[in-house]
Structures are given as C-alpha cells and as structure tokens.
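Look first at the surroundings of the ligand, and then at the charged side chains that pair with one another. The account below follows that order.

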Amino acid sequence: MQNLVFRPFSSATSSGNLPMIDHLNAESDNKTLYLILDASSDPILITSPEVKIVYVNSAWEKLTGYTFAEVAGKNPRILQSGKTPKEIYQKMWQALKKQQSFTNYEVIDKRKDGTEFNVRSTIYPVVQNDKVIHYVQIMYDITKEKQLEELQKEFIAVVGHELKTPITVLKLLSQLHIAKAKKSGASLMSLTDLELLGSELDRLSRLINDVLDSSRIETGRLHMKFEIQDISGLIKNVVEKMTIINANHKIVVRTIPNASVIGDRERLEQVLINLISNAYKYSPENSTVTISAQIIRKNVVVSITDEGIGIPKKDQPHIFDRFYQVRKKSRIGFGLGLYISNDIIRRHKGKIWVKSQTSKGSTFSFSLPIIDPTKAKYKETNRF
Ligand code: ADP
C-alpha cells in the first residue's frame with residue numbers, strides 16, 4: 001500500500017527530474033487520494049503543465065504494459081501509434097489551451113510490446129489561480145468494442161456477398177429453364193439442376209436462420225420449448241439426416257447410454273447438426289466422424305470427434321464468440337454456429353467445450369444434466 005501511495009514521489013525523488021505535485025503531497029490526506037486513483041479500474045494518467053507524466057495508476061500500467069518508473073517524466077506521446085488522425089490531437093490542444101476539458105475522444109495507442117489498443121479518453125486541465133497545474137487523462141479501453149465493430153462490418157460484407165451468390169445462381173437457373181421451356185415446350189429440370197437449386201436454397205436458409213438466431217440471442221428472444229427428451233433418439237434422428245446429406249465422410253456412432261434430459265428438441269438437434277456439419281467442413285473427405293455419449297456425474301456428455309485440421313490453442317478460447325473464425329479467408333461459414341450452440345447449451349444448464357490439436361482433429365463435447373423421466377415433475381409446455 002505504501003508503495004502505491006508514494007509511488008509518484010519516490011520515483012520522482014530517485015530520478016530527480018520530475019516536477020513536484022505540491023498540492024498532492026502536501027497533506028497526509030493525499031495518501032487516500034492516491035489510493036482512490038489507484039483503485040480505479042479505468043486507467044488514469046496525470047501530467048505536469050509541461051506534459052510530463054507525473055502519475056499513472058495500476059490500471060494504466062496494466063493496459064499499456066509500462067510501469068510508472070519507465071514513463072515518469074516522459075511525454076504521453078510515447079503511446080502514440082501514428083494511426084490516430086492528427087486533427088484529434090489538434091482539437092484536444094485547442095480545448096486544453098482554453099482550459100477546457102476534451103471528452104470522449106478515441107485514439108489508437110500502442111503498448112510497450114508494440115501491440116495496439118483502442119481507447120476512449122477524457123482529458124481535463126486542473127486549474128489553480130488561473131494556471132494549469134496538471135492535465136488528467138482518464139481512459140476507457142474500447143479495444144474489444146472496436147474488434148467487434150470490425151467483425152460486424154466484415155460480417156455484413158460477407159453476408160451481403162454470400163446472399164448474392166446463391167440468389168444469382170437461382171436466378172440464372174430459373175432463367176435458363178424458362179428459356180428452355182419456351183423453346184421446347186417442356187419445363188422439366190434436370191436432376192443436377194434440381195440438386196444445385198436445393199443445396200443453394202439450403203445454404204441460404206441456413207445463413208438466414210443463423211443470422212436471425214444470433215440477433216434473437218442478442219435481444220434475449222430465442223424462445224425454447226422445454227420437454228423431456230431421450231438423448232439416444234435425438235442423436236439417432238440427427239445422424240440419419242446427416243448421413244443423407246453427406247456421403248463423403250464415415251459417421252460412426254458409439255454406444256449411447258439411455259439418458260433423458262429436459263430440452264428443446266429442435267434446438268438440441270440444431271447443436272448436433274452444427275457440430276457434425278463443422279466436423280464435415282473441417283476434415284478431409286473419407287475421414288471418420290465419431291459420435292459418442294457417456295454419463296458423467298449426473299450429466300450426459302455428448303462428443304463429436306473429427307480427424308480434421310484442428311484448432312490452434314490460441315484460437316480455442318474464442319471460437320464460441322460471435323463471428324469468430326480461425327481462418328478468415330476460408331469462407332465456408334459465418335462464425336455463428338458455435339456462438340448459437342453455446343447459447344443453446346447454456347440455456348439448457350449445460351456446458352460446451354472443445355479439445356483439439358492442429359492437424360490431428362477436434363472433439364467438441366457438450367454436457368446436459370440428466371433427469372429421471374419417471375420422477376420428472378415437469379410441465380411439458382413450459383416456455384421460456
Ligand atoms: P463457421 O460457420 O465459420 O464454421 P462456427 O461458429 O461453427 O462458424 O465455428 C467457428 C470457427 O471455429 C470456424 O470458422 C472454424 O475456424 C472453427 N471450427 C469449428 N469447428 C471446427 C472443427 N471441427 N475443426 C476445425 N475448426 C473448427
């Protein structure tokens with residue numbers, strides 16, 4: 001604690017080149033002041049009138065990677081990344097020179113290790129007897145907000161493009177058939193055309209459903225109808241569907257224990273379909289996708305294992321985030337499936353996770369609390 005309280009002054013004395021903060025170190029009460037500043041979760045920086053750093057709190061050190069000792073006496077411009085428009089700093093100085101505060105401006109700064117971060121700041125002069133004695137900057141880390149904004153922009157561009165492709169194909173196909181029919185009087189489509197039409201329509205409806213589900217999750221309107229479900233029946237049903245749509249992978253189902261859960265059948269099927277589709281998408285043709293289930297401490301744990309490309313360790317914590325994709329260039333998805341699956345499983349009081357090794361494959365598992373269907377006092381029509 002002593003350290004925190006006197007941090008600015010001990011360094012100032014030892015380096016001998018720092019301006020004194022007279023009004024702060026004059027009284028013992030000022031210890032409390034420092035404790036207050038240091039307790040703030042928002043990064044705070046204070047400079048002298050000559051714009052030399054005289055104080056930074058712990059949150060600032062954590063955000064930037066610099067310690068106070070490293071930046072004491074320096075100009076805060078050491079954080080500048082060169083990516084912030086110059087006008088922002090010009091406007092900031094116009095305000096400060098008039099002894100006014102400059103609020104909510106956004107800049108891109110860089111940490112000690114060179115990585116960039118986005119902050120929204122407010123800076124204000126502390127004035128005493130008409131003279132500026134300090135500048136105080138309070139920062140708010142908006143890096144995550146900005147990343148999400150970027151992903152959303154990118155997502156909208158991709159969705160726009162992805163929606164156009166199947167629509168163009170469908171339009172062309174129909175034009176072709178109209179022309180054919182006009183010529184020959186016959187209007188039958190070939191099997192290949194029909195299959196193409198079908199798969200493009202499936203893609204389109206999957207995309208639209210994912211976008212709608214994702215926005216329902218965001219607005220808390222993804223409704224579920226909870227009923228007693230038998231896990232083995234549910235898995236069997238999905239595997240039948242998935243075998244029909246993909247003949248390029250072997251799908252193996254290991255013994256599934258008898259287990260009942262409370263859940264929304266359609267939504268739980270959606271999770272299984274998502275995980276099996278991903279196993280197909282991210283593994284080579286003719287490889288095996290294995291589905292297994294076991295009961296572990298009053299939960300049924302369902303796992304889908306593939307022999308595919310795997311997921312690098314650094315990406316694993318993020319793959320359940322909205323729009324997150326490991327390989328941005330591979331446009332075979334939209335980064336929504338796992339986000340939606342995670343939400344569905346959480347709403348069932350379960351958990352979902354992944355174990356994966358690059359180039360070896362992945363196992364996605366989810367757990368659901370099991371119930372005894374003979375004892376379950378459950379209102380089947382319960383809606384949430
Ligand atoms: P997408 O529609 O992009 O597949 P998901 O939310 O389903 O979106 O998955 C997010 C990302 O996680 C994918 O873009 C992919 O990079 C990675 N991923 C998901 N499942 C697998 C898997 N079985 N093997 C390898 N990577 C996977």
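In this predicted model, a polar side-chain atom of Gln 325 lies 2.7 Å from an oxygen atom of the ligand. Leu 338 also faces an oxygen atom of the ligand, but through its backbone: a polar backbone atom of Leu 338 is 2.8 Å away from that oxygen. With Asp 306 the ligand atom is a nitrogen, placed 2.8 Å from an N or O atom in the Asp 306 side chain.

The protein buries 97% of the 520 Å² that the ligand exposes when taken alone. Two or more residues of the surrounding shell come from each of α10, α11 and β12, the last of these spanning 361-371. The shell holds 20 residues, and those that come nearest to the ligand are Asn 278, Tyr 282, Asp 306, Gln 325 and Leu 338. By class, the shell residues divide into 10 nonpolar, seven polar and three charged.

The second topic is charge pairing. Side chains of opposite charge can pair when their charged atoms come close. Over the whole structure, a search finds 13 salt bridges.

One of them belongs to α10, a helix that also contributes to the ligand shell. There the side chains of Glu 269 and Arg 265 meet with N and O 3.5 Å apart. Glu 269 and Arg 265 are about one helical turn from each other, because they stand four residues apart in helix α10 (residues 265-281). Glu 269 counts as buried because its relative accessibility is 8%, under the 20% limit. Arg 265, at 29%, counts as partly exposed.

Helix α11 (residues 337-347) holds both Arg 346 and Asp 343, three residues apart, which is about one turn of the helix. The closest N and O atoms of the salt bridge between Arg 346 and Asp 343 are 3.1 Å apart. Asp 343 is buried, with a relative accessible area of 9%, whereas Arg 346 is exposed at 54%. Elsewhere, salt bridges with shared partners join Glu 106, Arg 120, Glu 145, Lys 146 and Glu 149 into one network.

What are the burial states of the two partners in the salt bridge between Asp 315 and Lys 314? Asp 315 is buried, with a relative accessible area of 5%, while Lys 314 is exposed at 63%. The closest N and O atoms of Asp 315 and Lys 314 are 3.4 Å apart.

Terms used. Residues numbered from 1 in each chain as written. Predicted model: local features only at pLDDT ≥ 70, side-chain atom pairs only at ≥ 80, totals over all residues. Heavy atoms only, no water. Salt bridge = Lys/Arg side-chain N within 4 Å of Asp/Glu carboxyl O. Buried < 20%, exposed > 50% of the residue type's maximum accessible area, 1.4 Å probe, protein only. Near = heavy atom within 4 Å. Polar contact = N/O pair within 3.5 Å; in protein donor to acceptor, adjacent residues only side chain to side chain. Areas by Shrake-Rupley, 256 points an atom, 1.4 Å probe, with all protein chains shown as cover. Nonpolar A, V, L, I, M, F, W, Y, C, P; charged D, E, K, R; others polar.
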